[in-house]
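Visitor: Hello! Could you walk me through this one, a question at a time?
Guide: Gladly; here it is, and we can begin with a single residue.

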Amino acid sequence: MNIKLYCVLPLFFILSQTAIAQPRSNAQKEFNKLSDSYQSKQVSAEEYFKQANLLTHQLLSEGKHFETKELVHLLNLYEEIAWSKPEYGRARVSYFFLFFNNARMFKKKGASMYYAEKVTAEYKKYGEAHPLIEQLQKTKIYQEMRLYPKIIEIYNTEKKYLESLPELLRNHKVDGSVGLNAMYILSPVLEGYIKLNDSKSVQQTAHLARQIGTALARNPSSTRPQLLYNELLMIDIDHSLANFERKYEVSKTLLHRMAELKTKYKDQTTNFIEFNLVRLRMENYLNLKNRDSLRHYIAKYESSPNFGKSQSAELAEFKAKLNALEGDYRNAYLSVNDALKYEREMQTSLMAESSDLLYAYTQAEHSSIALEKTEKAKQQRTVLLVLISVSALIVIFIIYVITSYRSRKAKAQIEALNSAADMQIIAIEEVKHQAVKEEQRRLGQDLHDGLSSSIAAIRHQLETLTLETDDITLKNKLGRLQTETERAYEVARKKSHEWFSAADQQQEQSFEKQIRILTDSALPDSRYNKTIQIDDSSLTGVSTDMRITLLRIVQEAITNIIKHAKAKNVGILIYEEEDTLLLTINDDGVGLNETKTTSKKSAIGLESIRRRVEYLNGELNIDSDINGTEIMVSIPLK
């Protein structure tokens, strides 16, 4: 069954986030007018869906960014109608597509991947098995991060299906939106091959894009927005190919064709085309070494209301190249410095966005084991003190054995905690990292104040006996014993200092790395495809207990997947929304309803997750069918 979306498409070019958007009151006013038209039966449900999608698309193209709560409020009637009847299934796809576009436009990576999964799930419910939405978003993220090998990797995974699309489109076996999604994937793929200077793959990718674009253009069911974006993508791909082949006059002609689309599709939102045309023309006139035209479009680009900070590095680079063409190498140098400065700022921002901001304490032992070992250590110290009073040689031997044993054991424990996630979680639940630090400091202090002091007292007594005796043989023996006692004192003192300072030298591991260690040990790459996404700052300020509980929830969910799901793909997503922490774990297995043990072993694991969520005052939602299972945990942060 094909799904025809209500004109909801991924936006063709990324607009600056500084674009001038409509005030919130205007957006609300427009949606209120549309709602009144539906309530008064001036428009049908189908027409309402279409106009609501066009209105949202218009606002997004003008740079309006909606908070999720705000967009939910604006689309409240849309949601109510879409879920009121089974025949409105395609509207449910479009509903999630609006949230996906909103998150994608303004670089909310975690939220965009979440909504991409939602769109994919709704697609599959209504017969579109391979919509390519998640792949589209992943290639976009990798393109922004300039991870071109990752883009090629996704392409190679989907290559066989993409190559079958022209025939599927010609035979009307897939919806046109799938073909358009394929074009969005092929555009960064082509850029990747160009960056890698792979001429053969560049030609093959461009040829495949033309085949898909031609089939989509000839598809009678294609909507006007689909036709607009398809033509834009085809021109963009031909333009990239012409630049790669250094056919700059051909590139110039293609840009004229792109400008003509504003007239051809004047019934559609095309205001974003002009801004991107200016940038492409700067590139073209630079390649043609037309200094006057290049200078004109640099000024036009910089004065555009859509120009924002994200374009500053690119603009400085164009200025530097214009200065170089004019022989003004001093200003060219200054512009290059500006470009590098803006580029570093962008890279810093991107690195901060991708960095691990979340850390979990590395824990040591079960509290009961820790107490038992502490008591044992006290007994050993008592025995050592008694033995030292009898023989300094025995004291030295025992101190050496104990300190070596404890040092090796501490090192082995840290290595075991770093290599086995299950041991980390068991340790995390029983004793806190702070307890280990305090215990190490206390042991070091006890060793310094107790054992070292006792050895010092013995040394003093030996000195006194040496002075009081006239027996030369006895004096020699006492001198040797005194020397050994001093050596024991230095060893004990040094070791106490080492233990005391070691407490401050342990490092945290990132929360995401903890999850990856957990998943890598339980879900081998040879059997599972794993996607882990943790959004920026989503766990900042979250307590250690909550992080421990989240790890436990993930562990329980993975255990269920291994035992019952028969899945190949597993996704873990953590992000913050409206002062709520959201954890989503999904798989493409057989679903809970298809698992024979659902009411027994699987139910035990789910009940454990439910108890842990309740402990955090959160909510648990489980969505499962034959296409897989999704566990969503929402936890209030305030």
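Visitor: Leaving aside its neighbours within four places in sequence, which residues is I515 in contact with?
Guide: Keep in mind that this is a predicted model. I515 lies in helix α22, residues 511-522. Once the neighbours within four places in sequence are set aside, its contacts are I532, I534, L551, I572 and I574.

Visitor: Is I515 buried or exposed?
Guide: Residues under 20% relative accessible area count as buried. I515 has a relative accessible area of 0%, so the residue is buried.

Visitor: How far apart are the C-alpha atoms of I515 and V554?
Guide: Along the chain, I515 and V554 are 39 residues apart. In space, the separation of their C-alpha atoms is 7.9 Å.

Visitor: Let's turn to the sheet. What is the order of the strands in the open sheet of five strands?
Guide: The pairing in this open sheet is mixed. As general background, strands of a sheet pair through backbone hydrogen bonds, either parallel or antiparallel. Read across the five strands, the order is β3-β4-β5-β7-β6.

Visitor: Which strands stand at the edges?
Guide: An edge strand here has a single partner strand, so one side of it is left without a neighbour in the sheet. That describes β3 (529-534) and β6 (619-625).

Visitor: By how many degrees are neighbouring strands of this sheet turned against each other on average?
Guide: For this average, direction is ignored. Neighbouring strands of the sheet are then turned against each other by 10°.

Visitor: In which sense do β3 and β4 pair, parallel or antiparallel?
Guide: β4 covers residues 569-577 and is joined to β3 over six bridges. One pair of facing residues is Q533 and L573 in β4. The sense in which β3 and β4 pair is parallel.

Visitor: And β6 and β7: parallel or antiparallel?
Guide: A hairpin of two residues links β6 to β7. Within the pairing, L620 stands opposite V633 in β7. Over seven bridges, the sense is antiparallel.

Visitor: Which helix lies across β4, β5 and β7?
Guide: The helix in question spans residues 544-565 and runs at about 15° to β5 (580-587). Besides β5, the helix lies across β4 and β7 (628-636). Its name is α23.

Visitor: Now for helix pairs. Are α11 and α13 roughly parallel or roughly perpendicular to each other?
Guide: The axes of α11 (residues 224-244) and α13 (residues 271-287) come within 12 Å and cross at roughly 15°. Angles under 35 degrees count as roughly parallel. The two helices, α11 and α13, are therefore roughly parallel.

Visitor: How many nonpolar residues does the contact of α11 with α13 have?
Guide: The crossing of α11 and α13 is left-handed. From α11 the contact takes Y229, L232, H239 and N243, and from α13 it takes F272, I273, L280, E283 and N287. Three residues of this contact are polar and one is charged, while the nonpolar ones number five.

Visitor: Is D238 buried or exposed?
Guide: D238 has its place in helix α11. Leaving aside neighbours within four places in sequence, D238 touches R210 and L254. With a relative accessible area of 18%, D238 is buried.

Visitor: What about N284: which residues is it in contact with, leaving aside its neighbours within four places in sequence?
Guide: N284 is found in helix α13. Its relative accessibility is 1%, so N284 counts as buried. Apart from neighbours within four places in sequence, its contacts are Y248, S251, K252 and L255.

Visitor: How far apart are the axes of α8 and α10?
Guide: α8 (residues 148-170) passes α10 (residues 199-217) in a left-handed crossing. Residues that meet there include Y155, L162 and L165 in α8, with L208, I212 and L216 among those in α10. The helices pack at an angle of about 35°, and the distance between their axes is 8 Å.

Visitor: Finally, what percentage of the residues in the chain is buried?
Guide: The chain has 24 helices and seven strands. Among contacts between residues at least 6 apart in sequence, 72% join residues at least 24 apart. Of the 638 residues in the chain, the buried share is 49%.

Conventions
Residues numbered from 1 in each chain as written. Predicted model: local features only at pLDDT ≥ 70, side-chain atom pairs only at ≥ 80, totals over all residues. Heavy atoms only, no water. Pairing = 2+ DSSP bridges. Helix = DSSP H or I, 4+ residues; strand = E, 2+ residues; numbered from the N terminus. Axes fitted to C-alpha atoms, helices over the stretch in contact; angles between N-to-C directions. Contact = heavy atoms within 4.5 Å. Parallel < 35°, antiparallel > 145°, perpendicular 65-115°, else oblique. Left-handed = near helix turned anticlockwise from the far one by under 90°. Nonpolar A, V, L, I, M, F, W, Y, C, P; charged D, E, K, R; others polar. Buried < 20%, exposed > 50% of the residue type's maximum accessible area, 1.4 Å probe, protein only.
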